[in-house]
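Student: I am new to this structure. Please pick one part and take me through it closely.

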Amino acid sequence: MQVFMKSAAKYSDEELVDAIGNKAGMNQAIRYIYQSYFEDLSSLIIHNSGTRQDAEDTIQEVIVTFIDVVRNGRFRGESSIKTFLMSLTRNIWLNNLRKKERSSARDVIFEKQREQVEDNMLEHIAEREKKKQVLLLLDQAGEMCKKILLLFYFQELSMKEMLAHLPYDNEQVIRNKKSKCLQKLSEQLKNNPALLNSLAGIMKDK
Amino acid sequence: MEPYRYDLLEQYADNQLSADERSRVEASLNNDPQLRNELTALIASAEAVRYYGISQLVGEIQQEYLATKQQAARPAVARSIFGPALRVAASIIIIAAAFGVYKYSSVNTNTVAADYYMPYELNRVRGEANTNTLENAYNNKDWNAVISIANQANAGSKELFLAGCAYLELNQPSKAAAAFEQLIAQNRQTQNNYFQDEAEYYLALSYIRNDQPSKAIPVLKKIRADQSHLYYGKAHEASLTDLTILSWKK
């Protein structure tokens, strides 16, 4: 694990939360999470009727959800990050088992792992399901729109910085494109009032 | 919705308004449920984009983690079986020399290329239908379709990179190298870094496959000198000595 051994810094829980919230530190923070917790999370799934592939798929979902929770200021730090991740893994894996209808295995987890360290764990999972639905809409917006919106909202680049990444000559063109792309996505969302309402509920809770 | 109101609302959602402008928008929001609905849709859309970005980034890092983990596991097995024998062998210079001769005669383009090769797996968020035509073609191993999409006008970094990989899969390393070179040149021109690390590594691999080891060596040395390079571990795993021997044989 040369890349991880050499590049992942050590973090306390508090430092890790700070690094995730900081654009420049996020990559290293995610590497650290993999280096420190992947094996434990993987064992939890494999020892509860999961395959290695199940473990990889679920852990990816767990870490995306955790990063999202932290970035939205919803990680309350009532438990350690490791405990939180284990609990999230258990709940997401349980959810996935339910979808796969492996009920006997699900019951084992239910009985043995009933404790819940964060009472809003299920809310995080429900929120994740809603966001996954919006991702499907994002796909329909087209590659260029996806790229423009990612540069602006995820990489947090200014219009001027975005010029270097896009085949357009001036900032105003990019600004107009970004606006149209966001509008397109937003229109699609409005066509799904049930999803929009549940997202509105999530945003109100924040 | 009138365009000027939409612009204002979008800037409000993006937190780009002055305090006065924000107050004005908030006053309108209080009296207009439709406007509130518009704002919710805008904020949720922006949030979904951020979530998508996180999903992509985590997917890439997971792929990197699993690849390096797999690489680390391989030599451990070899050491446990051959460790004592190698320690003895190392003390006998003649055997080392014989090994050198053997190495010189046994190294060839195919063995070195196999050491470096790692089929590129397109990262996607597992379980989510976020693939487009290009990604579908690539995931379905429809290499000619991938190349055909990339040959269309305005091919971006991703199209060029996947076309290069498709050429490699079709065993056409010179065309693969041309695609990766084009991507790197395009990135240099636009100061873009999309697929830069991937293109550099697979360019080196294309040179090796194309029997041009002397062109591969500087590219691999650059990767091996950069700890933050995505293929740092993979470039260190394979032997530069073998590649040098290959270049001597030319």
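Tutor: What follows is a close look at one helix, H10 of chain A, and at what surrounds it.

First, the ground rules. This is a predicted model, in which local features need pLDDT of at least 70 and side-chain atom pairs count only at pLDDT 80 or more, while totals for chains, interfaces and linings use all residues. Residues are numbered from 1 along each chain as its sequence is written, chains are lettered from A and ligands numbered from 1 in the order in which they are written, and side-chain values use heavy atoms, with hydrogens and water left out.

Start with the setting. Chain A has 11 helices and zero strands. Helices (H or I, at least four residues) and strands (E, at least two) are DSSP runs, numbered from the N terminus. Of the 206 residues in chain A, 50% are buried. Buried means under 20% relative accessible area, exposed means over 50%, and partly exposed lies in between (1.4 Å probe, protein chains only).

Now the helix itself. H10(A) covers residues 171-190, which makes 20 residues. The expected span is 1.5 Å times one less than the number of residues. That gives 28 Å for H10(A), and its end C-alpha atoms are 28 Å apart, so the two agree. At the start of H10(A), a side-chain oxygen of A:Asn170 comes to within 3.0 Å of the backbone nitrogen of A:Gln172.

Which residues of H10(A) are buried? They are A:Ile174, A:Lys178, A:Ser179, A:Cys181, A:Leu182, A:Leu185, A:Ser186, A:Gln188, A:Leu189 and A:Lys190. An α-helix has 3.6 residues a turn, so residues three or four places apart point the same way.

Two lysines on that list deserve a stop. Take A:Lys178. Its relative accessible area is 2%, so A:Lys178 is buried. A:Lys178 forms a salt bridge with B:Asp14, with the closest N and O atoms 2.5 Å apart. A salt bridge is a side-chain nitrogen of Lys or Arg within 4 Å of a carboxyl oxygen of Asp or Glu. B:Asp14 is buried too, at 15% relative accessibility.

Next, A:Lys190. This residue is also found in helix H10 of chain A. A:Lys190 has a relative accessible area of 18%, so it counts as buried. Its side chain makes a polar contact with the side chain of B:Glu38 (2.7 Å). A polar contact is a pair of N or O atoms within 3.5 Å; within protein, one must be able to donate a hydrogen and the other to accept it, and residues adjacent in sequence count only if both atoms are side-chain atoms. Leaving out residues up to four places away in sequence, A:Lys190 touches A:Leu196, B:Asn37, B:Glu38 and B:Ala41. Here contact means heavy atoms within 4.5 Å.

Both lysines lead to chain B, so to speak of the interface is the next step. The contact takes 59 residues from chain A and 52 residues from chain B. Chain A and chain B bury about 5300 Å² between them, 62% of it on carbon and sulfur atoms. Buried area is the accessible area (1.4 Å probe) that two parts lose on being put together, summed over both. The rule finds five salt bridges across this interface. It also finds 13 residue pairs in polar contact there (both at pLDDT 80 or more). H10 is among the elements that give two or more residues to the side of chain A that touches chain B. H4(A) gives the most, with 12 residues.
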